[in-house]
Amino acid sequence: VIEADDRGFYINDVDTGSISAGSGESLKIIFNVRTTNVYYGGLDFRGCGFTTEKVSPGGSTTVQFSAINTCTITSYWPSSNRVKDTLQVIVS
């Protein structure tokens, strides 16, 4: 489970810029969009072969993918496509 707001990505309330996975590992990430520090339009997430729908503050979405290569997940404001933050998935 990874939380997100307009300022970053968080695991257990700690701001993080990356997560690690083994090559070929199947990843399931639940993105919870915080209710504070988030523009009313919410966020969407793109990268590592997926794009989510808009997630409103307080909402969540789940993505699943295979960790084949190191890739980057980016959060955006859906209405303007403005980049808010990035999370690198480091595959070893």
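Okay, two strands count as paired here if DSSP finds at least two bridges between them, and the strands themselves are DSSP runs of E, at least two residues long, numbered from the N terminus. What we're looking at is a predicted model, where local features need pLDDT of at least 70, side-chain atom pairs count only at pLDDT 80 or more, and totals for chains, interfaces and linings use all residues. Residues are numbered from 1 along each chain as its sequence is written, and side-chain values use heavy atoms, with hydrogens and water left out.

Right, the sheets. Five strands make an open sheet in the order S3-S2-S1-S5-S8, with mixed pairing. Strand S3 (14-16) and S8 stand at the edges with a single partner strand each, so one side of each has no neighbour in the sheet. From one strand to the next, the twist averages 35°; for angles like that, axes are lines fitted to C-alpha atoms, and the angles run from 0 to 180 degrees between N-to-C directions. At the S3 edge, strand S2 (residues 8-11) pairs with S3 in the antiparallel sense, over three bridges. If you want a spot to click on, Ile11 stands opposite Val14 in S3.

Let's go to the other edge, S8, which covers residues 60-66. Which residue should we try there? Thr61 lies in this strand. Is Thr61 buried or exposed? Thr61 is buried, at a relative accessible area of 18%. Buried means under 20% relative accessible area, exposed means over 50%, and partly exposed is in between, using a 1.4 Å probe and protein chains only. Leave aside neighbours within four places in sequence, and Thr61 is in contact with Ile29, Ile30, Phe31, Phe45, Thr52 and Val55. Contact here means heavy atoms within 4.5 Å.

Stay in S8 and you'll find Val63. Val63 is buried too, with a relative accessible area of 6%. With the neighbours within four places set aside again, Val63 is in contact with Leu27, Lys28, Ile29, Phe31, Phe50 and Thr52. Here's a distance to check: Val63 and Gly49 are 14 residues apart along the chain, and their C-alpha atoms are separated by 10.0 Å.

Now step back into the loop between S7 and S8, where Gly58 has its place. Gly58 is exposed, with a relative accessible area of 54%. Not counting residues up to four places away in sequence, Gly58 touches Val33, Arg34 and Thr35. The C-alpha atoms of Gly58 and Thr36 are separated by 8.7 Å, and those two residues are 22 apart along the chain.

Okay, on to another sheet. Five strands form this open sheet in the order S4-S10-S9-S6-S7, and the pairing is mixed. Its edge strands are S4 (18-21) and S7 (50-51), each pairing on one side only. At the S7 end, strand S6 (residues 44-47) and S7 run antiparallel and are joined by two bridges. Gly47 has Phe50 in S7 as its bridge partner. At the S4 end, S4 and strand S10 (residues 82-91) run parallel, joined by four bridges. One to look up is Ser20, whose bridge partner in S10 is Ile90.

A quick general point: in a regular strand the side chains alternate between the two faces of the sheet. In S4, Ile19 and Ala21 make up the covered face, while Ser18 and Ser20 are on the uncovered one.

How many disulfides does the structure hold? There's one. A disulfide is a covalent bond between the sulfur atoms of two cysteines, and the cut-off used here is a pair of cysteine sulfur atoms within 2.5 Å. Cys48 and Cys71 form it, with their sulfur atoms 2.0 Å apart. Cys48 lies in the loop between S6 and S7, and Cys71 in strand S9 (residues 71-77), so the pair ties together parts that are 23 residues apart in sequence. The link of Cys48 and Cys71 is right-handed, with 100° about the S-S bond. Both Cys48 and Cys71 are buried.

Last stop, charges and rings. A charge sits over a ring if NZ of Lys or CZ of Arg is within 6 Å of the ring centre and within 35 degrees of the ring normal. The charged end of Arg46 sits over the ring of Tyr76, 3.8 Å from its centre. Lys84 has its charged end over the ring of Trp77, 4.1 Å from the centre of that ring.
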